[in-house]
Amino acid sequence: MAAAPEPVEPEERKASCTSLHLSYWKSLKLLGFLDVENTPCARHSILYGSLGSVVAGFGHFLFTSRIRRSCDVGVGGFILVTLGCWFHCRYNYAKQRIQERIAREEIKKKILYEGTHLDPERKHNGSSSN
């Protein structure tokens, strides 16, 4: 007789399905080159751009009732808001990285010079106690 396949526990089946789902979304690439999950600021910029698109297009439609022009305004709103958020976020990200690097170097100097005569926090008295 042929051996029956072993039953798979529901938890194992759920875990494998969840890991497949997560691996798909972690490798999501927008337009084939922008890895949204691993690129800093990409996700927020795209989300804010989408919101800006809806607000700009719908707002223009409410004022003018022109559908085609409202779609054009929505696309323009997406581009402007996405690029604006992207540059703002990347500028802040670069500034934060520079501050982290400077702090890391200062911590290394503090560790290196702590307790020596080169320590800037050590008080140097004018008179020596020899």
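## Close-up views of a predicted model

**View 1. The nonpolar surface patch draws most heavily on helix α2.** The largest share of this patch, 4 residues, comes from α2. Its members are Val-54, Phe-58, Phe-61, Leu-62 and Ile-67, which together offer about 530 Å² of accessible area. Patches are built from residues with over 30% relative accessible area and no salt bridge, joining nonpolar side chains (Val, Leu, Ile, Met, Phe, Trp, Tyr) within 5 Å and like charges within 9 Å. A salt bridge here is a side-chain nitrogen of Lys or Arg within 4 Å of a carboxyl oxygen of Asp or Glu. Areas come from the Shrake-Rupley method with a 1.4 Å probe, and for residues only the protein chains shown count as cover. Phe-58 is found in helix α2 and is exposed, with a relative accessible area of 52%.

A word on the model: it is predicted, so local features need pLDDT of at least 70 and side-chain atom pairs count only at pLDDT 80 or more, while totals for chains, interfaces and linings use all residues. Residues are numbered from 1 along each chain as its sequence is written, and side-chain values use heavy atoms, leaving out hydrogens and water.

**View 2. Cys-41 and Cys-89 form a disulfide.** Their sulfur atoms are 2.0 Å apart, and a disulfide is a pair of cysteine sulfur atoms within 2.5 Å. By this rule the count comes to 1 disulfide. The link of Cys-41 and Cys-89 is left-handed, with -70° about the S-S bond. Cys-41 sits in the loop between β2 (34–35) and α2 (42–64) and Cys-89 in helix α3, so the pair ties together parts 48 residues apart in sequence. Helices (H or I, at least four residues) and strands (E, at least two) are DSSP runs, numbered from the N terminus. Cys-41 is buried at 10% relative accessibility, whereas Cys-89 is partly exposed at 25%. Buried means under 20% relative accessible area, exposed over 50%, and partly exposed in between (1.4 Å probe, protein chains only).

**View 3. Cys-85 has no sulfur partner within bonding reach.** The closest cysteine sulfur, in Cys-89, is 8.3 Å from that of Cys-85, too far for a bond. Cys-85 is partly exposed, with a relative accessible area of 23%. Cys-71 also counts as partly exposed, at 47% relative accessibility.

**View 4. Thr-82 is a buried residue of helix α3.** The helix spans residues 67–113, and Thr-82 has a relative accessible area of 13%. Leaving aside residues up to four places away in sequence, Thr-82 touches Ser-45, Ile-46 and Gly-49; contact means heavy atoms within 4.5 Å.
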